[in-house]
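Okay, thanks everyone for squeezing in. I'll put the structure up, and then we'll just walk through it together.

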Amino acid sequence: MKSLQPFTKQVIRIIQNIPPGKVMTYGQIARLAGSPRSARQVVRILHSMSEKHNLPWHRVVNSKGEIGIKEEEFFLVQIMSLESEGVEFSKNNKIDLELYQFTPFYN
DNA sequence: ACCCTGACCGCGT
DNA sequence: AACGCGGCCAGGG
């Protein structure tokens with residue numbers, strides 16, 4: 001993973017460092033990686049590079065604490081993965097970010 | 001009209 | 001054929 005762009009490398013590193021039982025948001029990761037408006041790029045990286053770089057993709061949610069993924073199969077996998085780490089969901093499948101958001105430095 | 005968010009999608013390597 | 005890049009910009013509040 002040497003020839004990757006700096007932003008891409010940062011995003012991968014940040015995601016790899018999210019501890020179990022914690023989550024980060026797309027925008028938060030983009031900000032930390034140095035490109036505040038590039039949440040969409042984070043989505044892209046998550047979507048296409050999770051397996052190769054062994055990313056805990058299930059620990060990334062949207063800014064409201066919801067699962068961003070639409071496909072039912074992976075949607076359920078994500079919820080189950082997080083629940084197995086102790087993350088609790090409300091009945092409308094939402095996470096309390098105050099409780100579970102991981103903030104490495106500060107935003 | 002402005003600010004924030006986003007599991008995109010088509011192309012080049 | 002597969003993989004990484006774009007670092008914007010469309011859509012909603």
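Let's start at Val42. If you skip the neighbours within four places in sequence, what is Val42 in contact with? The list is Phe7, Val11, Tyr26, Ile29 and Ala30. Keep in mind as we go that this is a predicted model.

Val42 also turns up in the largest nonpolar core, which has 18 residues. Together with Val11, Ile15, Ile29 and Val60, Val42 is in the group that touches the most other members of that core. As for who builds it, helix H1, residues 6-16, helix H2, residues 26-32, and helix H3, residues 39-49, each supply at least two residues. Which helix gives the most? That's H1, with five residues. There's also a second, separate core of 10 residues, and Leu82, Val87, Phe89 and Tyr100 are among them.

Now, Leu82 takes us to helix H4, so have a look at residues 72-84. It has 13 residues, and at 1.5 Å a residue they should span 18 Å; the end C-alpha atoms are 18 Å apart, which agrees. Which residues of H4 are buried? Gln78, Ile79 and Leu82. Those three cover an arc of only 95° around the axis, which puts them on the same side of H4. If you want the textbook reason, an α-helix has 3.6 residues a turn, so residues three or four places apart point the same way. Strand S2, at 60-61, is part of what covers the buried residues of H4. Flip to the face turned away from that buried side and you find the exposed residues Glu73, Met80 and Ser84. And just after H4, Gly86 takes a positive phi of about 95°.

Okay, on to the DNA. Strand B first. It is surrounded by 16 residues, and the closest are Ala39, Val43, Arg44, Trp57 and Asn62. Taking the atoms of strand B within 4 Å of the protein, 49% belong to sugar or phosphate, and the rest to bases.

Some individual distances here. Arg37 has a backbone N or O atom 2.8 Å from a base oxygen of DNA strand B. His47 also uses a backbone N or O atom, which lies 3.4 Å from a base nitrogen of strand B. With Arg40 it's the side chain: an N or O atom there is 3.0 Å from a sugar or linking oxygen of strand B. In terms of elements, H2 and H3 are the ones giving two or more residues to the surface near strand B, and H3 has the largest share, seven residues.

Then strand C. The residues around it include Ser3, Gln5, Thr8, Ser38 and Met49. Phe7, which we met as a contact of Val42, is around strand C as well. For strand C, 42% of the atoms within 4 Å of the protein belong to sugar or phosphate, with the rest in bases.

What do the polar side-chain atoms of Gln41 and Arg44 lie 2.8 Å from? For Gln41 it's a base nitrogen of strand C, and for Arg44 it's a base nitrogen of strand C too. Lys52 goes to the backbone of the DNA instead, with a polar side-chain atom 2.8 Å from a phosphate oxygen of strand C. H1 and H3 each supply at least two residues of this surface, and the largest share, four residues, comes from H3.

That's my tour. Questions?

Note on methods
Residues are numbered from 1 along each chain as its sequence is written. Chains are lettered from A and ligands numbered from 1 in the order in which they are written. This is a predicted model: local features need pLDDT of at least 70, side-chain atom pairs count only at pLDDT 80 or more; totals for chains, interfaces and linings use all residues. Side-chain values use heavy atoms; hydrogens and water are left out. The expected span of a helix is 1.5 Å times one less than its number of residues. Buried means under 20% relative accessible area, exposed over 50%, partly exposed in between (1.4 Å probe, protein chains only). The arc is that of the directions from the helix axis to the C-beta atoms. Contact means heavy atoms within 4.5 Å. A nonpolar core is a set of buried Ala, Val, Leu, Ile, Met, Phe, Trp, Tyr and Cys residues joined through side-chain atoms within 4.5 Å. A residue is near a molecule or strand if one of its heavy atoms lies within 4 Å of it. A polar contact is a pair of N or O atoms within 3.5 Å; within protein, one must be able to donate a hydrogen and the other to accept it, and residues adjacent in sequence count only if both atoms are side-chain atoms.
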